[in-house]
Every structure is written in C-alpha cells, then in structure tokens.
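Work through the following exercises with the structure open beside you, and try each task before you read its solution.

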Amino acid sequence: MKDNLKKLQEYLSKLDNALIAFSGGVDSTFLAKVSYDVLGNRALAVTVTSPIHAKSELKEAVELAKKIGIPHLVVEFNDILEIEEFRKNPLNRCYICKFNLFSRFKAITEEKGFKYILEGTNADDVSDFRPGRRALKELGILSPLLECGIKKEEIRILSKEMGLPTWDKPSYACLASRIPYGEEITYDKLSMVEKAEEDLKDLGFSGFRVRYHGDVARVELPKDQMETIFKEGIREEIVKRIKRAGFKYVALDLEGYRAGSLNEPHMRVVKNV
C-alpha cells in the first residue's frame with residue numbers, strides 16, 4: 001500500500017502542474033491531497049456546479065478544499081440539460097457528460113496555463129460499466145490512481161491516515177444516475193430526487209439511492225440500515241418527506257442498495273456501448 005502511495009507521489013512529481021477534477025468524493029479528495037502535497041500551488045482543484053450535482057456535495061467540496069489548502073475553482077455547467085443528446089438519457093449518457101465537461105476543463109487549463117488534467121478513477125473502477133472512461137481517453141485526461149494500481153480500500157485507509165474526513169464517505173454518483181435510461185432528464189425530476197435524498201440524509205441514512213420511476217420513488221438502502229425504517233415513526237416520516245419532494249408513492253427495494261442498479265435491465269447492451 002505504501003509502495004503504491006510512493007508510486008503516486010513519484011508520478012505526480014513528474015508533472016509541471018495539474019488541474020484536478022474535484023468532486024469532494026473519496027477518490028478525488030485523496031488525489032487532491034496528494035497532488036497538493038507534491039505540487040503545492042501548481043495544483044488546482046476544480047469543482048463543477050450543475051443541475052445534476054447535489055448542492056450539498058458542492059458545499060462539502062468547498063470545505064474540503066479549504067481543509068487541504070489546495071487552490072480551488074468552482075465552475076458552472078448549468079447548461080448541461082440544454083445538450084439534447086444528454087437530456088434524452090441514452091445508454092452512453094456518461095460519455096456525453098464527461099466529454100462536454102472535460103472539454104471545458106481543457107479550456108480552463110489553456111486559460112490558466114495548466115498542462116495536465118487529473119481525475120480520480122481508481123483501479124477497482126475498471127470492472128464497472130463506465131462509458132465516461134472513453135471520453136477521458138479521447139481527451140487525454142490522466143487517471144493517476146488507476147495508472148498506479150491504487151484500489152478503493154487502499155484509498156480509504158490512506159485517507160484515514162492523512163486525516164481526511166472522506167475516508168469512510170459512501171460512494172456517490174450524479175443525480176442523473178437515478179433516472180432510468182431513455183427517460184428524459186429534466187430539472188423537475190432532478191430536483192425531486194435531490195430533495196428526497198437530502199431528507200433521507202437528514203433522517204440519518206447514508207449510502208442510499210432514491211431512484212426515479214415516474215410517480216414512484218424506489219428507495220435503495222444499505223441492507224444494514226433497512227430495519228431502521230420500521231422503528232416507530234420513521235417509516236411515516238420517510239413517506240411524508242419523499243411525497244413532499246413530489247412523488248406520489250414510495251417503495252423500498254428489498255434487494256437494497258447496489259451500484260448501477262438501473263444498468264441491470266440493459267447489461268447485455270451496455271457492455272458494448
């Protein structure tokens with residue numbers, strides 16, 4: 001594990017400077033911290049604000065950047081839903097998003113004199129369906145954690161040793177991932193999901209998803225949190241809050257949370273996207 005950290009530090013030391021795509025998640029926070037330790041002010045963390053990113057995640061990213069000390073820039077991507085190809089929500093939605101987003105990052109590097117763009121894909125991510133990886137390759141974006149063979153569990157352990165509060169943060173994906181492929185992505189749908197998830201977070205739940213199915217909110221909870229729903233008053237409060245977010249019905253998915261559950265009906269197809 002320490003060998004991989006040293007490998008990452010050596011990798012970064014060979015870069016003149018670097019812009020880091022910084023979401024405030026486990027991977028990008030670890031990458032930002034090590035990049036700043038190695039490059040100092042020659043590293044710049046960049047966080048996106050857009051309708052598909054929860055406002056609470058932006059707030060956390062701003063606070064984390066201050067804690068690390070790394071220079072930080074917040075950029076708007078508020079016109080993402082004006083990209084018709086993305087809004088239609090095809091199977092390669094993540095490719096469309098990543099290509100447009102990182103193209104903007106490339107424009108920032110040219111404007112500010114940065115040479116490299118880094119992002120936080122780790123060595124475990126290659127086993128998952130991630131069409132956005134193709135966009136990163138096409139645009140020449142570097143993935144140091146992947147290239148240095150650093151896995152998620154290593155990142156969590158090293159993050160804890162470094163005092164990063166994200167060491168045990170649940171994995172997170174953009175709000176668009178809650179909407180089934182082929183279902184048009186709109187501001188209203190994203191807002192409903194964001195409100196419902198923030199309410200569940202306020203009730204003490206973590207590592208969950210609220211999937212959009214028209215009038216129905218399908219709630220995926222980690223299996224070890226399912227029993228909490230049946231404590232006195234909790235189920236009723238969940239239903240009240242999620243309905244207040246705009247849904248008419250609330251369903252608990254008995255399989256619990258699993259990453260990419262909306263990919264399941266399409267798995268034979270998406271592997272070829």
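**Exercise 1.** Find where Asn 89 sits among the secondary-structure elements, and decide whether Asn 89 is buried or exposed.

*Solution.* In this predicted model, Asn 89 belongs to the loop that joins α4 (84-87) to α5 (93-112). The next step is the backbone: most residues other than glycine have a negative phi. Asn 89, however, has a positive phi near 65° although it is a residue other than glycine. The last step is accessibility, where buried means under 20% relative accessible area; Asn 89, at 0%, therefore counts as buried.

**Exercise 2.** Determine how many of the residues of helix α2 are buried, and compare the span of the helix with the expected one.

*Solution.* Begin with the limits of the helix: α2 covers residues 26-39, which makes 14 residues. From its first C-alpha to its last it reaches 20 Å, close to the 20 Å expected at 1.5 Å a residue. Turning to burial, 11 of the 14 residues of α2 are buried, so the helix is largely enclosed by the rest of the structure. The buried residues include the run Val 26, Asp 27, Ser 28, Thr 29 and Phe 30, and Leu 39 is also among them. Just after the helix, Gly 40 takes a positive phi of about 60°.

**Exercise 3.** Identify the elements against which the buried residues of helix α8 pack.

*Solution.* First list the buried residues of α8 (residues 152-161), which are Lys 152, Glu 154, Ile 155, Arg 156, Leu 158 and Ser 159. These buried residues pack against α1, α2 and α7 (144-147). The α1 side can be followed through one residue, since Asn 4 lies in helix α1 (residues 2-13) and touches Glu 154, as well as Cys 148, Gly 149 and Ile 150, when residues up to four places away in sequence are not counted. Asn 4 has 16% relative accessibility and therefore counts as buried. Beyond the end of α8, Gly 163 takes a positive phi of about 80°.

**Exercise 4.** For Ser 56 and Glu 198, and then for Glu 220 and Asn 92, set the separation along the chain beside the distance in space.

*Solution.* Ser 56 is part of helix α3 (residues 55-68), and its C-alpha atom is 8.2 Å from that of Glu 198, although 142 residues separate the two along the chain. Apart from neighbours within four places in sequence, Ser 56 is in contact with Glu 198 and Lys 201. For the second pair, Glu 220, located in strand β6 (residues 216-220), is 128 residues from Asn 92 in sequence and 23 Å from it in space, C-alpha to C-alpha. Glu 220 is buried, with a relative accessible area of 0%.

**Exercise 5.** Describe the chain as a whole, using its secondary structure, its radius of gyration and its surface.

*Solution.* The chain contains 11 helices and seven strands. A compact globule of 273 residues would have a radius of gyration near 19 Å, and the 19 Å of the chain agrees with this; the C-alpha atoms fill a box of roughly 55 × 40 × 35 Å along the principal axes. Of the 273 residues, 51% count as buried, while among contacts with a separation of 6 or more, residues 24 or more positions apart account for 75%. The exposed surface comes to about 13500 Å², of which carbon and sulfur atoms supply 50%. Finally, the mean positions of the 45 positive and 43 negative charges are 1 Å apart.

Notes:
Residues numbered from 1 in each chain as written. Predicted model: local features only at pLDDT ≥ 70, side-chain atom pairs only at ≥ 80, totals over all residues. Heavy atoms only, no water. Helix = DSSP H or I, 4+ residues; strand = E, 2+ residues; numbered from the N terminus. Rg over C-alpha atoms; globule rule 2.2 N^0.38 Å. Buried < 20%, exposed > 50% of the residue type's maximum accessible area, 1.4 Å probe, protein only. Contact = heavy atoms within 4.5 Å. Areas by Shrake-Rupley, 256 points an atom, 1.4 Å probe, with all protein chains shown as cover. Lys, Arg positive; Asp, Glu negative; His and termini not counted. Charge placed at Lys NZ, Arg CZ, Asp CG, Glu CD. Expected span 1.5 Å × (residues − 1).
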